[in-house]
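Here is a short tour to read with the sequence and the coordinates side by side. Please open the viewer and follow along.

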Amino acid sequence: ASSEALTQVLIPVAALVGIGFALLQWLLFSRVKVSSHDSSNGYKVKLIEADEEEEGIDNIEVSIKCAEIQHAISLGATSFLFTEYKYLGIFMGVFGVIIFLFLASVKGFSTKSEPCIYNQGNTCKPALANAVFSTIAFLLGALTSVLSGFLGMKIATYANARTALEARKGVGKAFIIAFRLGAVMGFLLAANGLLVLYVSIYLFKLYYGDDWEGLYESITGYGLGGSSMALFGRVGGGIYKKQPMSVLILSVIADNVGDNVGDIAGMGSNLFGSYAESSCAALFVASISSFGINHDFTAMSYPLIISSMGIVVCLITTLFATDMFEIKNVREIEPSLKRQLLISTILMTAGIAMVSFFAWPSEFTLFDFGTEKEVRTLRCYSSMPLICPSLMLTASSNTCSPVQNVADSCRIGAATNVIFGLALGYKYVIIPIFAISISIYVSFSLAAMYGIAVAAIGMLTTISTSLAIDAYGPISDNAGGIAEMAGMSHKIRERTDALDAAGNTTAAIGKESGLSALVSLALFGAYVSRAGIKSVDVLTPKVFIGLIVGAMPPYWFSAMTMKSVGSAALKMVEEVGNSIQFRD
């Protein structure tokens, strides 16, 4: 009882601490001196006052230009997202109705309680109730994903011009601004996702009571909603981002807008979707194991507890970048970002060990394809591959010889650059693939499908730091574009380029493509557990056909997205040709 009460306090407190820390970072950033000026377009803007004179350029003039460009980028990004969200609203409504109809029709829209499948001897809530609550959870997940992307975009557009202006004081000042605003996004997303999921479980529990089987089956809709919105955000924003690049940056503003809607809003929704999916999969698999049958709330809430621990660990880690170590030259930028990952991984390894021995009983049973598998706490803790993000970063450096070889290939021409770059990309999937494969084997051997879900959560425990680093890149990229368009000196542009280069080489931390394999397998594990599937025979023709057909959609999907980029680029060229602003 005491551990359950402590769990009910720790999870929301950790989420609120994350939100509070994000607001504190915002407050520290906002303390930069500002002054208001009327722009030539007639709107009010806030400008950073310059403390140092820029060579050959009046500081007020530069600030006004930066503010005008920032306003244009923010306006473009907001307009795009609002247009996208109109279509997403329609999709959410239609798909929500489909989810309700499919789930409710399983038992003929029955309103009668039924015997539980796994917790034998007890009765569970009717199928109609499960359909209603699953639909609500789907809508909550979708709205949280949309909110995560939108907040990230607003934060990034608020930070880009200020990063450029702070670069006049030195690369260290600009780095702190960009990283601090990236941290605001990271902590807001992680804390909001955790808080909404916990509150949803608490409110759903008021109806479900002791029916944890139905409760956590319904809550899986939260993950579905998050991943659905992530698909639109990532693809739609990515297409918008690539179209101006495909036409030789005819519109620099559009390129900067694309960074915010693709790499910020889309990436935020994407990582939130992965977090929600893995958490919901682990919760459901646990609910049909001894945790759920014995109503052990602390053990059931393990995914939420380690997410709470992740927020605290990332908070400590962020201080190393913003307060404990000062960036004095451009060579220190990339090591500082990578140090964030290493420190958070080390601290999180110790933190998860503490949480595991606090939340889990010394021995427990897990559902394993129709049988029960006895597991010890130490073995289940060992299934989390926290080191995987570090392994994925081994080749991500602009100082490593492979990256230098790609850059050197540009001397011959674009064709050799494409060949070298593609070959390097193919080659350096080897280490991540082996790392993920080993993690899957070890996780499943130690803790069955629950171990797979926990492994995915293990890679997401440092999501706040990962998002801060990933958001830092587009903010710095935007700052460089603003500095160039505002007519700042070449020295300032070199500083923003250095910030952008470090962000590009560390972007693999936030994306963590290998995470998709673990999340997909965790979802499959939740499905086979619920469906009662005991084995899958690959030699069966239907299964083998399914594998072949299933391997085809990624190519089909890629072809459609690439074609969309080309079509959008052609329309942009036509618009540029017809636009008055581009005529002589």
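Does Y208 count as buried or exposed? With a relative accessibility of 2%, Y208 counts as buried, because the cut-off for buried is under 20%. Please keep in mind that this is a predicted model.

## Aromatic rings

Y208 also has an aromatic partner to look at. The structure holds 19 aromatic pairs, and one of them joins Y207 and Y208 in an edge-to-face arrangement. The ring centres of Y207 and Y208 are 5.3 Å apart, and their planes meet at 85°. While Y208 is buried at 2%, Y207 has a relative accessibility of 35% and counts as partly exposed.

Elsewhere, four phenylalanines come together: F91, F95, F138 and F232 form one aromatic cluster.

## Charges over rings

Y207 has a second neighbour worth a look. K125 lies over the face of Y207, at 4.9 Å from the ring centre. A similar search turns up an arginine: R162 lies over the face of Y158, and here the distance to the ring centre is 4.1 Å.

## Helix α3

Now trace helix α3, which covers residues 127-166. How far apart are its end C-alpha atoms? They are 58 Å apart, and this agrees with expectation because 40 residues at 1.5 Å a residue should span 58 Å.

The helix does have a kink, of about 25° and centred on A159. As for its surroundings, α3 is mostly covered, with 29 of its 40 residues buried.

## Y198 in helix α4

Next, move to helix α4, residues 171-208, where Y198 has its place. Y198 has a relative accessible area of 9%, so this residue is buried.

Which residues does Y198 touch, leaving aside those up to four places away in sequence? The contacts are Q8, I11, P12, F297 and L304. Another residue to check is A15: it sits 183 residues from Y198 along the chain, yet the C-alpha atoms of the two are separated by 9.6 Å.

## Cysteines

Finally, a word on the cysteines. C66 has a relative accessibility of 0% and therefore counts as buried. C314 likewise counts as buried, at 0% relative accessibility. How many disulfides are there? The count comes to zero, where a disulfide would need a pair of cysteine sulfur atoms within 2.5 Å.

Note on methods: Residues are numbered from 1 along each chain as its sequence is written. This is a predicted model: local features need pLDDT of at least 70, side-chain atom pairs count only at pLDDT 80 or more; totals for chains, interfaces and linings use all residues. Side-chain values use heavy atoms; hydrogens and water are left out. Helices (H or I, at least four residues) and strands (E, at least two) are DSSP runs, numbered from the N terminus. The expected span of a helix is 1.5 Å times one less than its number of residues. The bend at a residue is the angle between axes fitted to the seven residues ending there and the seven starting there. Buried means under 20% relative accessible area, exposed over 50%, partly exposed in between (1.4 Å probe, protein chains only). Contact means heavy atoms within 4.5 Å. Rings of Phe, Tyr and Trp (its six-membered ring) pair if their centres lie within 6.5 Å; planes under 30 degrees apart count as stacked, over 60 as edge-to-face and the rest as tilted. A charge sits over a ring if NZ of Lys or CZ of Arg is within 6 Å of the ring centre and within 35 degrees of the ring normal.
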